[in-house]
Amino acid sequence: MLKYYEALADQIAARGIDLGAVKQKLHDQKIELPSWSFGNAGTRFQVFSWPGAARDIHERVADAAFVNNLTGVAPSIAIHIPWDKTEDYSALKQEAETQGISIGAVNPNWFQEPQYKLGSLCSPDAGAREEAIAHGVECIEVMKAVDGSLLSVWLADGTNYAGQDDMRSRKHRLEHGLAELYKEIPDGKRMLVEYKFFEPAFYSTDLPDWGTSYAMCLKLGPKAEVLVDTGHHAQGTNIAQIVMFLLDEGRLGGFHFNSRKYADDDLIVGTVNPLELFEIFYELVRGEDKAANVAYMLDQNYNIEAKIEGAIISVINCQTAYAKALLVNRAKLAEAQAAGDVLGAHRLMMEAYETDVRPLLAKIREEKGIDPDPLAALKASGYEKKIADARGSSGSGWA
Ligand code: LRH
Ligand code: MN
C-alpha cells in the first residue's frame, strides 16, 4: 500500500486539504481495547472456546499490548470488575506499563450478582441498592489504584412487565445512587453514563437513551458525561446527530464502538455500516473544538472469530473512518451548505468517504516505526499459535 501513498498525497493536496495536519491527528489517535474481548465469549445460546483465549487479566493485558505494538494507536485497556479483579491494582498498572500500555476505564458489573435480579441502583430492594453503591465505590478505588481517569457506568436495570415496578420511584433511586457515586469521583476524573434501549430488560430500561443519560449528567455535575455505545440504539437512530448534540453541549464523554445489524450484536466496528461510522467520526472532526477528552473505546466480543485479528481489524476500521472524516474539505462543504447546494454538499462528504485511505494509514505506521500492514505482521509474528500452545482453549469467558 505504501507505493500508492505519493499519489494519494497529491490527490489530497489537490483537494486543498492540509495533509500534515491530517497525519498529525492520525498519529495521535487512541483506541482503548476492552479486556473482556480477549476471553471466550458468545451468546445465550453458546460460548465457543477459542485456542489461546485469554484466561485472566494478565493474559488480557498481554494481548492488548500486542495489539498496540502492531497498530501503534491502542495504548490502553479497559477493565471490568470483578472479571478483572486482582489483589494488587498498582502492580497491575506497572505490569501494563512495562508492556507499553495503561489501564483505562474501570467498568463496574451490576448485572451478574443474584441480588441484582430486580435491578441494582434502581432495585426496589434497599439492600441491593446499598450493595450496588458499595460496588461502585469499590470500583472508584480501583480507578484511583490503577491511576485511571474514567468510571464507566452501565446499568442493566429495568423491568420486564408493565406494573412490575414504579418507574418514577426507580428514576429517583437511580438519581440517588448515581449521586452517591458522583461525590466519590476525584477532581480531574470522570463518570461516564452509558445508556441502552433494551436487554436484559424487555419492558423498561432505567437508562434507555441518550436524553435520559444527558439529563442525569446535568443533574450530577460537570464530571459526569454521556457514553455512546454504537450498539445501544433503536433501529434507524441517527447516532451522528446524537454525537453532534452531546459534543456541542460539552457532555460527550466517550464511545463503546462496535457494529450491530439487529440488536446489541457487539460485532466488529465498521463491518455492518461503515458509512455510519464515517458520519460519526465526521461529527467528531467537525466538533474537534469540543472533542479533546472524548474516550474512544471498543466494546465487542469475538464469538466465532479470531480475537487478536478481530481487535486489529477493529482498530484499523476506526483509523479508516477517522482518516476519511479528516479528508472532508470543510471549507468547501460549508460553502455548499450555505448555498443550499444539497447534492454538492453530499458529494463532498462522499468524495472523502470513497477515498481509499489505506496508503495513508500505511504511511502513518511506517512513520511510527511499525509494519505498515498489521495483519501481515500478525501472521508473521506467530503470536496466535504461541498463545494457543501456551493457553489451550479453556479461556474463561464473561458468560
Ligand atoms: C452492555 C455493555 C456494557 C458493558 C457490557 C460488556 O451491553 O455494552 O458497556 O459493561 O456491554
Ligand atoms: Mn458498552
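A residue is called buried when under 20% of its relative accessible area remains, exposed when over 50% does, and partly exposed in between, using a 1.4 Å probe and protein chains only. By that rule, buried residues make up 54% of the 399 residues in the chain of this predicted model.

Before selecting anything, note that residues are numbered from 1 along each chain as its sequence is written, while chains are lettered from A and ligands numbered from 1 in the order in which they are written. Because the model is predicted, local features need pLDDT of at least 70 and side-chain atom pairs count only at pLDDT 80 or more, whereas totals for chains, interfaces and linings use all residues; side-chain values use heavy atoms, with hydrogens and water left out.

Begin with the whole chain, whose C-alpha atoms fill a box of roughly 65 × 60 × 40 Å along the principal axes. Switch to a cartoon view to see 15 helices and twelve strands, which are DSSP runs numbered from the N terminus (helices are H or I, at least four residues; strands are E, at least two).

Next, select the manganese ion (ligand 2), together with its protein donors E194 (OE), D229 (OD), H256 (ND1) and D299 (OD), which lie 2.1 to 2.2 Å from it. Donors here are N, O and S atoms within 2.8 Å of the metal (3.2 Å for Na, K and Ca), and water is not among the atoms, so sites may look incomplete.

Now keep only E194 and D229 in view: E194 lies in strand 8 (residues 190–194) and D229 in strand 10 (residues 224–229), so the pair ties together parts that are 35 residues apart in sequence. Both E194 and D229 are buried.
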